[in-house]
Every structure is written in C-alpha cells, then in structure tokens.
Amino acid sequence: MATVEKIAETTGPSVADEVAELIARSRAAQQQIENATQEQVDTWIRGMVYAVAKPGMDEEIARETVEETQLGNYEGKFKKISVKTRAALMDIIDDKSVGVIEEDHERNLYKIAKPVGVIGALSPSTNPEATPVIKAINAVKGRNSIIVCPHPRAKFINAKICGLMRDALVKLGAPADLVIAIEQPSVERTNEVMKQCDRILATGGTPMVKAAYSSGTPALGVGAGNAVVTVDDTADLDDAAAKILLSKTLDYAASCSSDNAVILLDAIYDEMLGKLKEKGGLVLDSEQKTKLQNAIWEDGEHINAKVVAQSPQFIADYAGFTIPENTAFFIVPETGFGPDFKFSGEKMTVTMALYRAKDIDEAIALTNNIQAYQGQGHSCGIYSNSDENIRKLAEGTKTSRVMVNQPQSASNSGNLWNGMRQTFSLGCGSWGGNATNNNITWRDLINETWVSKPLATPKSLPSDEALFGKDIIEAVG
C-alpha cells in the first residue's frame, strides 16, 4: 500500500482529475452569469474582442502566430485577428440572446434562450488566432463558459489570446474563468474535455472531429473542406481571376475553404487560364506535378505537415523544382477524381487542380464526383452572371453553401460583402457527416424553451376529400 501511495504522490493527479478541476472552475463561472442581462453579455463580448483586436495587439498576435506555428503569413493572420473578429462581433452584437428570443404569433408560441453550460472548443493550428475569439464570444453571447483546446503547435498564442480575453472580462465585471485555455494540450486532455463538457464545438482535423462525435457529449463538428469553383462563359473573367488569386493565396491556403479545384468551361478555358497565369498561377508540367505530389502527400496518403500553408517558393524548394519569382500559386491540370488522382482532394497548400468542362451540366457532375472523394457538403462556388447556371449548380450539388462571384475562402464563413453568418465552424450536413448545415454561431450553443399557449381558435381537421384529394381516395380506395 505504501508503494502505491508513493507512486500516486510522484505521478500527481490523473488527466481526468486535472480536466475535472478545470470543468468545475468553468462551470462555477458560468453559473455566475446564467442570469446575466443582454446588456451585460454584449458588454463582455465587446471587451473580449477589443482586447485582442485593438491596434497594436492585433499586429503582435499576427506576428507571434506565424512565429509559433510556422503556418500561413502575417497578412493573413492580421486580417483574421483584426478584421474577422470585428466582423464576427458586429454580426451577433444586435442579436437578442437573453430571455424571449423568438415569437410566433400565428402558432401562439415563444422561445426562451437558456445557456448550455460549459462549451468544449477545439482550435486548429491553421486558424489559431481568430478561432478561440469567435468561439468564445459566441459561447458567452449565450451565457456559457468555454474551455479552448488548441493544437499543440499553437499553444502559446492560444494561451495569450485567452489570457487577454480573461483580463478583459474581469475589468468588465465578469469571471475570468468564462474563458479557460488548455495550456499543455494533448490528445488525452482534449478527449477528457470533450467527455466532461456540456457541448463540443469541434474545428480541426477529421480524426479529432470524429472523436468529438464519439465522445458521448453533444457535438457540433465540421466536415472536410475541398472547395470546387466553376467559371462559366458569362463570368467577368478579370474579376474571377482576381478573386481566385485572393482565395487561393489567403494565409497561404491555411483555410479548408481555399479553392482546391477550379473548373473552366470550354468557351472561356484558354482566356481564363491566361488570366490566372497573369495573376501568378504557374501551370506545372508532368515532372513538376509528380514532384509536387510526392511533397504534399507522405506515403501517398497523408498530407505532409511540412508543406501546409507555406509559400510557393518553400514548397518548390522542398519538392525539388524551380519556379519564377512571381509565382503566387500552382495550377495542376487534372482530369480524374478519387484516390488515384490525389490533386482532386484537399491539399492545404497554394495548389489548385484545374479541370475543363464543356458546359454547366458537366461542371456540376465534375463537382459532385470530386467532392464525393473529399469535401462533400462543405462548399462550392461559381463565377457567373447567369441566374440559370447559378441555380442549376446550387440544386445539382450536394453542398451546404454556394458562393457566387466571391472569393471562396474569404466568403463562405461570412464577410462584409455577404449575408453569411460570421464563423470558422461550417456545418456540412449529412453529406459531411454533420448534424447541421449551419454557419455555427451562438444560436447553436443554447437550449431553447418553447412556451405554447392555446390558440384563440383551435385548428380543425378538414374533410378527407380536402385533405387527401378525391384522386387519392379513389386510387387507394
């Protein structure tokens, strides 16, 4: 017995006990604000965003994020921490999230918002600067607390960002423990948080999202990205080329929404390809394509972390081929899809697969085939001035969001130029193995109590003939 006690003294508390202590702190803080007013909640989330996005601090966070993770670039990180967080706050600040949040007078119903409790949030290494902020303000907007589990590659910047939000909360009269960072992240700790929290908000790699769904705790996860973008023969080609450049190179394609495949219709193929080249797109020959494939996929299967979200020059040097100085992204001509055609899948690099289609119907079929391999349910896009083609693509694809004449990676999670909800958590529906198609926000992080009063005039059943129709009655008879 003495030996066992000695071992316990030297090893310390288990990970489960360690996480249980954090959950207890988080729950105690959440219980202090479960009756907070709308004014208090909105004051707190304003302070949380300003603490990280104020002039000077946004630059510091952007710089330190790149230094720690070695992913993406300063410009992309700065836009996310400075602009995206402000836009996410603006998007929800006027929402009513306390008390009665919705009324249906026709059905004599109203809904009351109630907090869920402790949110367990996963934050990826590719977007570690804005993800904890956006998830935290959506949690607190619903009067919840949040524990943020970062990727180990981003643990220091995550701790810094969470610390800044904690300080702001205290200055504004709220408990610091509404936001808690896992400072020494590990798979075991993250799994324990997911088991012990009240709801999981999972953004990260497929294995971690699957772990969230199998944790036994209600989870909001996201599917894999593999955006496919079509350019048709009615598009403004200069505009499309500029926006594809922006989307493909933003933060060196750290986003899973970056254009992974672009389909050009026959009628504009040569002209549009020329414009993409003018924007810095380098079309690879077969030898370069093989070298790039070997660089991106380790063992022919898994994406090589060494090239994710890196500059074109770094990737070319790593792969072993030379490129012109003005190269902004790689264009890889492709015809097939599926596991035997690796470039048809997600690449997490400044690499774009290029396809050709004779018309919009073939482009839709290609999109579905590519995304049946990877990315089904996430998003696709189209550059077009034909409402018929836009509608065809939207109706014919298994996708949760279609971006029209917009840079995909900067748009499908919400931006100032569209009405999509601002988030970094994109539900992909049953196509992507998710429970929702939503751009996930605070509304997904609350419980709702439905209050039903009797109708002034009760409903009455119509006659069988009115309800079923004479033809059904006679046919089924």
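How much space lies in the largest cavity? Hi everyone, let's start there. This is a predicted model, and about 60 Å³ of space lies in its largest cavity. With a threshold of 30 Å³ or more, the structure holds one cavity.

So who lines this space? Around the largest cavity we find Ile134, Lys135 and Asn138, then Leu201, then Thr423, Phe424 and Ser425, and finally Ile440 and Thr441. Helix H6, residues 131-141, gives the most to that lining, with three residues. By character, the lining splits into four nonpolar residues, four polar and one charged.

Now, on to helix packing, with two pairs for you.

Take H2, residues 15-33, and H8, residues 187-196: their axes are 9 Å apart and the angle is about 50 degrees. That angle falls outside the parallel, antiparallel and perpendicular ranges, so H2 and H8 are oblique to each other. Their crossing is right-handed. From H2, the contact uses Val15, Ala16, Glu18, Val19, Ala20, Ile23 and Arg27, and these meet Glu188, Arg189, Glu192, Val193 and Gln196 in H8. That contact divides into six nonpolar residues, one polar and five charged.

The second pair is H12, residues 286-296, and H13, residues 312-319. Their axes come within 9 Å and cross at roughly 100 degrees, and therefore H12 and H13 are roughly perpendicular to each other. Here Lys291, Leu292 and Ala295 of H12 meet Ile315, Tyr318 and Ala319 of H13. In this contact there are five nonpolar residues, no polar ones and one charged.

That's my tour, thanks for listening!

How values were computed: Residues numbered from 1 in each chain as written. Predicted model: local features only at pLDDT ≥ 70, side-chain atom pairs only at ≥ 80, totals over all residues. Heavy atoms only, no water. 1 Å grid on protein atoms, 1.4 Å probe; cavity = no way out; pocket = protein on both sides within 12 Å on 5 of 7 lines; lining within 4 Å. Points joined across faces, edges and corners; volume = space filled by probe spheres on them. Helix = DSSP H or I, 4+ residues; strand = E, 2+ residues; numbered from the N terminus. Nonpolar A, V, L, I, M, F, W, Y, C, P; charged D, E, K, R; others polar. Axes fitted to C-alpha atoms, helices over the stretch in contact; angles between N-to-C directions. Parallel < 35°, antiparallel > 145°, perpendicular 65-115°, else oblique. Contact = heavy atoms within 4.5 Å. Left-handed = near helix turned anticlockwise from the far one by under 90°.
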